[in-house]
Amino acid sequence: MSDAAKTAPETPAATPESAPAPRQPRTLTVRVQRSGPGGSNARFDDFRLPVRPEDSVLDVLDRIRVETDPTLVYRHSCHHSSCGTCAMRINGRERLACITPMLALGADVVTLEPLRSLPVLGDLMVDMRPMFAHIDPDWGYVRPVERASTGVPHGVARYTRLENCIECGACMSACPVSNGTDDTPPPEPRRGGQDGAHPAASQAAGQPARDQEAPAAPQGSGFMGPAPLAALNRELARQPERREELLHIGKGPHGERHCRRHLACSRACPSGVYPAKDIMDIRMMHGGGKD
Ligand code: SF4
Ligand code: FES
């Protein structure tokens with residue numbers, strides 16, 4: 001049998017989710033963005049290696065680090081889409097490396113880049129603190145065990161899993177406002193001087209911010225981003241008695257007013273959260289869709 005016959009056919013499908021699983025190993029080029037902190041001295045390094053049908057992008061990165069280049073910087077933990085640490089841009093799209101089958105990408109060259117919107121610490125690892133700076137650590141999540149014990153209340157059709165966010169940052173990277181590719185002008189400050197802001201609002205309420213020294217997002221959009229607003233909307237549902245205080249944050253200078261309805265956040269989310277809907281929910285509370 002010729003080498004060509006042994007090689008899995010090229011898969012035209014662009015998404016690993018829809019592509020049939022290739023059954024034969026293939027030799028691919030993995031093109032990795034390398035840089036120091038802040039994206040300094042950025043370049044691409046190519047690694048050519050055989051990839052097995054069962055290899056995820058994270059498996060391949062692990063092999064490159066162990067067998068070829070121990071200086072490669074990336075982050076991972078659970079290897080099964082639970083921890084959110086391995087999010088990166090894979091052939092230009094935000095994905096979790098641990099559940100992205102390499103061969104199903106259907107490409108001879110797979111390009112790996114760090115998430116956008118968040119400062120690069122090195123190679124494929126970004127600093128998540130600008131995202132967490134806007135998520136109060138006291139905001140609680142509804143846990144499955146809670147709804148199992150209480151059942152579905154009268155008048156509620158079904159539960160939506162509110163705790164789905166794995167804080168991977170994919171939505172932050174995909175959002176054109178957060179990543180600096182949106183070219184519409186920034187919103188005007190609201191009149192009345194009652195803009196809310198986190199962490200200032202939390203401090204006013206006597207709660208310490210999670211990280212006082214978190215750096216700002218590199219593009220300086222001023223937008224807290226989709227994930228913090230999704231978290232805030234979860235908290236609004238959990239603590240309706242704190243509605244005014246929480247809306248003060250959501251409708252403040254870093255909040256929903258920056259959203260330009262690209263919906264890129266919801267498309268990028270690997271965990272079934274729809275941050276765009278959360279943002280719309282907040283927008284529709286007290287004042288509808290008006291700025
Ligand atoms: S909302 Fe989705 S994409 Fe955004 S951080 Fe949470 S899990 Fe990741
Ligand atoms: S390693 Fe935990 S989500 Fe990928």
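A residue counts as near a molecule if its C-beta atom, placed from the backbone, lies within 6 Å of that molecule. Keep that cut-off in mind as we walk through this predicted model, starting at the ligand.

There are 16 residues around ligand 1, and those that come nearest are C165, C168, C171, C269 and V273. Which helices each supply at least two residues of this shell? They are α5, spanning 170-174, and α8, spanning 226-238. Of the two, α8 deserves a second look: with three residues, this helix gives the largest share of the shell around ligand 1. As for chemical character, the shell around ligand 1 is made up of 12 nonpolar residues, three polar ones and one charged one.

Now let us turn to the backbone. Most residues other than glycine have a negative phi, which makes the next two stops worth a visit. The first is N41, whose phi is positive, near 55 degrees. You will find N41 in the loop that joins β1 (26-34) and β2 (43-51). Is N41 buried or exposed? N41 is exposed, because just 9 other C-beta atoms lie within 10 Å, and a residue with 12 or fewer falls in that class.

The second stop is D123, again a residue other than glycine with a positive phi, here near 45 degrees. D123 sits in the loop between β6 (120-122) and β7 (125-126). Its surroundings are another matter: D123 has 24 other C-beta atoms within 10 Å, so D123 is buried, since the class begins at 20 or more.

Technical notes:
Residues are numbered from 1 along each chain as its sequence is written. Chains are lettered from A and ligands numbered from 1 in the order in which they are written. This is a predicted model: local features need pLDDT of at least 70, side-chain atom pairs count only at pLDDT 80 or more; totals for chains, interfaces and linings use all residues. Helices (H or I, at least four residues) and strands (E, at least two) are DSSP runs, numbered from the N terminus. Ala, Val, Leu, Ile, Met, Phe, Trp, Tyr, Cys and Pro count as nonpolar, Asp, Glu, Lys and Arg as charged, and the others, Gly among them, as polar.
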